[in-house]
Structure formats: structure tokens, C-alpha cells
Amino acid sequence: MLPDYDFCKQSFEKNKIELSQTLYKKLDIYAEFLVEYNKNVNLTAITDPEEILYKHFIDSILLEKYADIPENASLIDVGTGAGFPSVPLKLFRPDINITLLDSLNKRITFLKMLCEKLGIYAEFVHERAEIVGKNPDFREKFDVACARAVANMSVLSEMCLPFVKVNGVFTAMKGLSENISDGNNAVRLLGGEVSEESVYKVYGEDRKIVIVKKISHTPTKYPRNSGQIKKKPL
């Protein structure tokens, strides 16, 4: 399914990350299953093998390069969709403990089957982020919360920062078009502080990773319900 190993290895090395034969085989299984499953359940618009390699796998794993993810970190992927970025990251860094959160059960069903095929353990949560963020079993329990989503920084911060422990990080994977400073007020209200923005290219496209450090507890009134979040962003 994926391009051959040598091509993929060179592609990884261009981005200063390593690809082992073992990781390649796992990613190949992932790609093949994703494309096959996508014929019946819409998970991704990207089905070309080379684009999957770059736009899904390399892009996901690059999070490890830009974010300081501690050993044995707990990571929650908010709105994970088809498992990006957390599942490729788990394959690259097996020590990371991942929780996959998505509001659509059809995606959770795919992810359970995928993780079984890949031989990896993950926790699966089928619910809206703003509801789970109020749950004491999940609230401020994670070293890292990540999201690779189209929502603006204000909305993403309210969805993600409630999950992060003090001194943990929220990482937002974004395009270049958004002015991240527009979300500064939300980040501050939720107990965070933007610590770094990194711009990079994947497959000729400009991308950005925003790192938000959690410096204080999120006030208990957040996250609000989805209607309030959309109607009146912080």
C-alpha cells in the first residue's frame, strides 16, 4: 500500500526522523486498512499512498519532534478521527499511553479494529470533548492533549486544556492562515500560556504546531456546552 521502504525511509530522513522496518510494516498495515475501511465509512479524503505517508503519518509523528513529550506520557487525542496524530505517534513512541476521543461511534469502531490489527493498546472514549472535559476521571489527568483540527484556537483550547495537568501541554496542529494570537484570551482564561509556535512544511504545504503550557488549573466552569462555545468563543 505505502511506497516501498527505501522511499519512505528517505522521506522520514528528510524530516529528520527515523523509520525502522518494524515501524514501516505497521504503518503499511495502517494505510491499507484505512483505505479499505474508507470505502464504506468516510474517514479521510486522503487515499493516495504517498499523500498518506506525508500528510497523515509523517505529519503526525513530527509532533514528537516539536513537542517535548515525556517518557511514558499520557496523551489524549481530542477529535481523533482516523487516529491522527496519536496512533502513528504511538507506533513511533510505544512508551506513550494514548486515549482516543471522538464524538462519532463509527470512528471509534474503526479505531478499535485498527489498534487490534496493529497490536497496540489504547483507551477509547465515544463522547463530545466538552462533556468528557467535565468528567473527573479525565479532567486534568493528561500530560499532553493534542488536536489536529480545523476549529479556531479559542474553541480548541476550551475543548483541550481542561484535560491537561498543570505543567502539561496542549498541542494544536494548524494551518498557517489562522492568527494564533486571536486565541490568547481563551488560552489565558483556561490556565494556559502559548510557549512556542513552529512552522514547517509537509508535502509542500505549510503547517504550524502551537505548544500551550498549562500553568494553572482550568476554572471549573469550563468547558461550557457546545452551544455556548460556538455562540460566544472566549
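Visitor: Is Lys-39 buried or exposed in this model?
Guide: The model is a predicted one, and in it Lys-39 forms a salt bridge with Glu-36, their closest N and O atoms being 3.2 Å apart. Glu-36 counts as partly exposed at 45% relative accessibility. Because the cut-off for an exposed residue is over 50%, the relative accessible area of 59% makes Lys-39 exposed.

Visitor: Which residue meets Asp-95 in a salt bridge, and is that residue buried or exposed?
Guide: In general, side chains of opposite charge can pair when their charged atoms come close. The side chain of Asp-95 meets that of Arg-93 at 2.8 Å, N to O. With a relative accessible area of 12%, under the 20% that limits the buried class, the partner of Asp-95 is therefore a buried residue, Arg-93.

Visitor: Which residues are linked with Glu-205 and Arg-207 in a network of salt bridges?
Guide: The side chains of Glu-205 and Arg-207 meet in a salt bridge of 3.2 Å, N to O. Glu-205 counts as partly exposed at 31% relative accessibility, whereas Arg-207 counts as buried at 15%. A search of the whole structure finds 17 salt bridges, and the network that holds Glu-205 and Arg-207 also links Glu-51, Lys-55, Asp-59 and Arg-148.

Visitor: How far apart are the end C-alpha atoms of helix H3, and what span should its residues give?
Guide: Helix H3 covers residues 49-66, and at 1.5 Å a residue its 18 residues should span 26 Å. The computed separation of the end C-alpha atoms agrees with this expectation, being 25 Å.

Visitor: Where does H3 bend, and by about how many degrees?
Guide: The buried residues of H3 include Phe-57, Ile-58 and Asp-59, and one of these is also the site of the bend. H3 bends at Ile-58, by about 35°.

Visitor: Which residue caps the N-terminal end of H3?
Guide: The backbone nitrogen of Glu-50 has a side-chain oxygen lying 3.1 Å from it. That oxygen belongs to the residue that caps the N-terminal end of H3, namely Asp-48.

Visitor: What is the volume of the largest pocket, and which residues lie nearest its centre?
Guide: H3 supplies at least two residues of the lining of the largest pocket, as do strand E2 (97-102), helix H6 (129-132) and strand E5 (164-174), among others. The lining comprises 41 residues, and the volume is about 1100 Å³. Nearest the centre lie Gly-79, Arg-148, Ala-149, Val-150 and Ala-151.

Visitor: What separates the C-alpha atoms of Leu-23 and Pro-88?
Guide: Leu-23 lies in helix H2 (residues 21-38) and counts as buried at 6% relative accessibility. Leu-23 and Pro-88 are 65 residues apart along the chain, yet the separation of their C-alpha atoms is 9.1 Å.

Visitor: Which peptide bonds leading to Pro-85 and Pro-223 are cis, and what is omega in each?
Guide: Most residues other than glycine have a negative phi, and most peptide bonds are trans. Pro-85 lies in the loop between strand E1 (74-78) and helix H4 (86-92), while Pro-223 is found in the loop between E7 and H9. The bond from Phe-84 to Pro-85 is cis with omega near 10°, and the bond from Tyr-222 to Pro-223 is cis with omega near 0°.

Visitor: What is the phi of Asn-167?
Guide: Asn-167 lies in strand E5 and is exposed, with a relative accessible area of 56%. Although Asn-167 is not a glycine, its phi is positive, about 80°.

How values were computed:
Residues numbered from 1 in each chain as written. Predicted model: local features only at pLDDT ≥ 70, side-chain atom pairs only at ≥ 80, totals over all residues. Heavy atoms only, no water. Helix = DSSP H or I, 4+ residues; strand = E, 2+ residues; numbered from the N terminus. Expected span 1.5 Å × (residues − 1). Bend = angle between axes of the 7 residues up to and from the residue. Buried < 20%, exposed > 50% of the residue type's maximum accessible area, 1.4 Å probe, protein only. Polar contact = N/O pair within 3.5 Å; in protein donor to acceptor, adjacent residues only side chain to side chain. Salt bridge = Lys/Arg side-chain N within 4 Å of Asp/Glu carboxyl O. 1 Å grid on protein atoms, 1.4 Å probe; cavity = no way out; pocket = protein on both sides within 12 Å on 5 of 7 lines; lining within 4 Å. Points joined across faces, edges and corners; volume = space filled by probe spheres on them.
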